[in-house]
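Open the model in your viewer and keep the selection panel at hand. The tour starts with the whole chain, then goes from residue to residue.

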Amino acid sequence: MISIKTFKSAAFSSAVLIALSLQTGGAQAEMSESEINERAEKIHANVVTVDTHVDVPLNYASVYVDPARFTEAQVDLPKMRAGGLDAAFFIVYTPQGDLTEQGYGEALRIAETRLAAIKRMVRAYPEQITLAESSKKVASIARSGRRVALVGMENAFPLGPSIERAEYWRDQGVRYMGITHFGHNQFGDSSNPNTAKGETEDKFGGLSDLGRELVAELNRLGVMVDVSHAGKKTMMQATALSKAPVIASHSGAMGVSNSPRNLDDEQFKALAENGGVAQMVAFDTYVKPLNEEQIAFRKDLAKELGIETREKRSKASKAVLDEYRERAQEVWEIAARATVSDFVDHIDHAVKIAGVDHVGIASDFDGGGGVVGWDDASETLNVTRELVRRGYSSADIEKIWGGNLLRVLRDVQAVSRTLNRS
């Protein structure tokens, strides 16, 4: 397991790390803010921090969005360095479309465009960021002082009506694949059915037959099965079926915030029994749901701008979408946004139910994510500060910030080798 990046801070000796690890939660309560900050900075400098969900626009790593500069994006290379974010899964995301030849074709085009953007970034700035395909590679890149890029795929929809393309995406660097997104697809039921299209909670009652094939194929390929956005039945079936640990790449805790995207306690326990990991997501409206007045405000605004359905939003101009995003910020005048403290409440709950070996961190930056205090990658240290404030040891923080996820990736690839030998 990766626990210390000694090359990041030669002055931070192993003896100090051991001493920090032995501090108890009771001792933390007596620390001053300056002591908390000092301890957090030392820990943060010496663990490999992994954010498992960072979306990228289609024009990322181009003249329009240059990740080597400070940009309007929540994640770019300067922000990663400023916040001490070592590694991120950059996401090949495809919105859910029709299950038709045309729908699959358009999804594949979008997926290829996002993959190309991620690869442009690592080709353009090899001295700053390198693509990793294994836990071992993540460790070696991080020790070199470079940032680490990994690739995740949100929504398996672009695979089309078979699982044949899964191997292609593995070969392109994808190391986790989400079964569904918003709306049911060919592989299973989503946690958020597309009610505008008449979808009910169940289409398949969980995984489809093709979805079961996909889980088995991802196990064979050494790709982590991602159950975020999957309906509960889909998630539980995939977790039971998988021969390797599974992940929820960006989900919250239902026990803290009631959202269909979040995991309930039964799901946390199933992930723990499977050996997997739940990456808690810092998406403000999943961390702390909007109240009724806020929901009504957003619905009225969307209706005013003619984007009250997913289909209408997909056809709206950039100007209309920009206006919606700007004016939608007024919801925070009705009630305050979620904070880093609210976010860590989800980590606390997940640790209580699943255990510290099965919890991680995701931002969902540039996909709607962010909370007050962790609103872009430059503020990443604030999460570690809050973990220290609550008494987490350096060993536990290392696990939560990436150790657990990288262990799962290592285990999944080991299962793949075993399956391919048999």
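Helices here are DSSP runs of H or I with at least four residues, strands are E runs of at least two, and both are numbered from the N terminus. This is a predicted model.

**Whole chain**

Show everything as a cartoon. By that assignment the protein has 18 helices and nine strands. Its radius of gyration is 21 Å, close to the 22 Å that the globule rule gives for 422 residues, so the protein is as compact as a globular protein of that length. Orient the view along the principal axes: the C-alpha atoms fill a box of roughly 60 × 60 × 45 Å.

Switch to a surface. The protein exposes about 17300 Å², and carbon and sulfur atoms supply 51% of that area. Of the 422 residues, 56% count as buried.

Now colour by charge. There are 50 positive and 58 negative side chains. The centres of the two sets lie 5 Å apart.

Next, think about contacts between residues at least 6 apart in sequence. Of these, 72% join residues at least 24 apart.

**Stop 1: Asn262**

Select Asn262. Look in the loop between β7 (247-251) and α10 (265-274). Is Asn262 buried or exposed? Asn262 counts as buried, because its relative accessibility is 3%, and the cut-off for buried is under 20%.

Show its side chain. A polar atom of the Asn262 side chain lies 3.2 Å from the backbone oxygen of Tyr286. Tyr286 is also among the contacts of Asn262 once neighbours within four places in sequence are set aside. The others are Ser251, Gly252, Ala253, Met254, Ser257, Gln267 and His346.

**Stop 2: Ala272**

Move into helix α10 and pick Ala272. Ala272 is buried, with a relative accessible area of 19%; the cut-off is under 20%. Leaving aside neighbours within four places in sequence, Ala272 is in contact with Ala354 and His358.

Draw a distance from Ala272 to Asn37. The two are 235 residues apart in sequence, and their C-alpha atoms are 31 Å apart. Asn37 comes up again at a later stop.

**Stop 3: Thr239**

How far apart in space are Thr239 and Ala272, C-alpha to C-alpha? The distance is 10.0 Å, with their positions 33 residues apart in sequence.

Thr239 sits in helix α9. At 6% relative accessibility, Thr239 counts as buried. Its side chain reaches the backbone oxygen of Met235 at 2.8 Å.

Now add the contacts of Thr239 beyond four places in sequence. These are Val227, Val246, Ala270, Leu271 and Asn274.

**Stop 4: two positive phi angles**

Most residues other than glycine have a negative phi. Two loop residues are worth a look with that in mind.

Select His229, in the loop between β6 (224-226) and α9 (232-241). Its phi is near 75°, a positive value in a residue other than glycine. His229 counts as buried, at 3% relative accessibility.

Then jump to Asp366, in the loop between β9 (359-362) and α17 (381-389). The phi of Asp366 is near 60°, again positive in a residue that is not glycine. Asp366 is partly exposed, with a relative accessible area of 29%.

**Stop 5: Arg385**

Go on to helix α17 and select Arg385. Arg385 is buried, with a relative accessible area of 19%. Which residues does Arg385 touch, not counting those up to four places away in sequence? They are Ile36, Asn37, Ala40 and Glu41. Here is Asn37 again, the partner in the 31 Å distance from Ala272.

Draw one more distance, from Arg385 to Val340. They are 45 residues apart in sequence and 9.6 Å apart in space, C-alpha to C-alpha.

**Stop 6: Tyr64**

Finish at Tyr64, in the loop between β1 (50-55) and α4 (77-83). Is Tyr64 buried or exposed? At 67% relative accessibility, Tyr64 counts as exposed; the cut-off for exposed is over 50%.

Draw the last distance, to Glu127. Tyr64 and Glu127 are 63 residues apart in sequence, with 21 Å between their C-alpha atoms.

Notes
Residues are numbered from 1 along each chain as its sequence is written. This is a predicted model: local features need pLDDT of at least 70, side-chain atom pairs count only at pLDDT 80 or more; totals for chains, interfaces and linings use all residues. Side-chain values use heavy atoms; hydrogens and water are left out. The radius of gyration is taken over C-alpha atoms; the globule rule is 2.2 Å times the number of residues to the power 0.38. Buried means under 20% relative accessible area, exposed over 50%, partly exposed in between (1.4 Å probe, protein chains only). Contact means heavy atoms within 4.5 Å. Accessible areas come from the Shrake-Rupley method with a 1.4 Å probe; for residues, only the protein chains shown count as cover. Lys and Arg count as positive and Asp and Glu as negative; His and the chain ends are not counted. The place of a charge is taken as NZ of Lys, CZ of Arg, CG of Asp or CD of Glu. A polar contact is a pair of N or O atoms within 3.5 Å; within protein, one must be able to donate a hydrogen and the other to accept it, and residues adjacent in sequence count only if both atoms are side-chain atoms.
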